[in-house]
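Hi,

Here is the structure I promised to pass on to you. Have a look at it first, then read my notes below.

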Amino acid sequence: MKLSKATANYDFLNVGVHNGFGYKPCAVLVANEDQSDFEIVQMEWGYVPGYITNREEANKFRRMYTTLNFKGENLFTNEQGKKSMWADAAKSRRCIVLSTGIVESRHMPKIGAKGQVLKDTDKFPYQVGIKGREYFWFPGLYNQWTDKETGEQINTFALGVTAANALMKQIHNSKKRMPAILNDAQAWEWLMTNPTNDRLQQLALTQVPSTVMEFCTIEKDYMKTQEATPREYEDLPPIDLSFLDTEELIYAE
């Protein structure tokens, strides 16, 4: 039960920050047909359904619907109580998304000349990782569509998100969400076994405790440079870490 490959075999792993809305290829683990082994491949970030027929349609779909992520709560049932668009992929097209860090922005109120709090906010980006881990795993779902104008077959994926833990509530404080992060055993179970629907949803909702996460602020131009360069902001209030010993997770393993 080991999700490892010789990284020297893959020339696409050493990249900087991915902008999800660029829909660029990312590193994804996919099991073979009998789930006896897996491969690391590239897929476009931003799930596209199979009925799409060309790039123009794909771009229009991605503008209308944000499919970079799927909510773990809606893995099988959507918010209207009907079968979700993710249900079939959850049963047969699961993947693992390889990550070395998460970048999210903390929104802080702007202060006016007279000391008043303004409606506008400043955004301060953070890079968040897992202590002692060079890389870690997100649960993902993938799909293949065919560009009928070129004949190209394109694999696309979305990654699972869950409720933010106490740390991520402060960093991603606009939406209070975070990617589901799986440990090695959970990632193997998601990718290489056939769990029940209930277990799949449980995995897709997994929260890691704040105590295992590390974080720092980075330069605001990370989208342009595609690099997460650490930077301190003098006027930015520190993250409150007083909760670390008392944190209670909603979706603990």
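**What I found**

Among contacts in the protein chain between residues at least 6 apart in sequence, 66% join residues at least 24 apart. Keep in mind that this is a predicted model.

Let's start with the overall fold. If you count along the protein chain, you'll get six helices and 10 strands. The radius of gyration is 19 Å, close to the 18 Å that the globule rule gives for 253 residues, so the protein chain is as compact as a globular protein of that length. For a feel of its dimensions, the C-alpha trace spans about 60 × 45 × 40 Å along its principal axes.

Now for inside and outside. Of the 253 residues in the protein chain, 42% are buried, and here that means under 20% relative accessible area. The accessible surface adds up to about 14,300 Å², and carbon and sulfur atoms account for 47% of that surface.

Next, the charges. There are 29 positive and 33 negative side chains in the protein chain. The centres of those two sets are 6 Å apart.

Finally, one residue to find on your screen: Asp37. Where does Asp37 sit? Look in the loop between strand 1 (25–31) and strand 2 (38–45). Asp37 has a relative accessible area of 36%, so it counts as partly exposed, a class that runs between the 20% cut-off for buried and the 50% cut-off for exposed. You can also try picking out Asp37 and Val208 together: they are 171 residues apart in sequence, and their C-alpha atoms are 26 Å apart in space.

Cheers

Notes: Residues are numbered from 1 along each chain as its sequence is written. This is a predicted model: local features need pLDDT of at least 70, side-chain atom pairs count only at pLDDT 80 or more; totals for chains, interfaces and linings use all residues. Side-chain values use heavy atoms; hydrogens and water are left out. Helices (H or I, at least four residues) and strands (E, at least two) are DSSP runs, numbered from the N terminus. Buried means under 20% relative accessible area, exposed over 50%, partly exposed in between (1.4 Å probe, protein chains only). The radius of gyration is taken over C-alpha atoms; the globule rule is 2.2 Å times the number of residues to the power 0.38. Contact means heavy atoms within 4.5 Å. Accessible areas come from the Shrake-Rupley method with a 1.4 Å probe; for residues, only the protein chains shown count as cover. Lys and Arg count as positive and Asp and Glu as negative; His and the chain ends are not counted. The place of a charge is taken as NZ of Lys, CZ of Arg, CG of Asp or CD of Glu.
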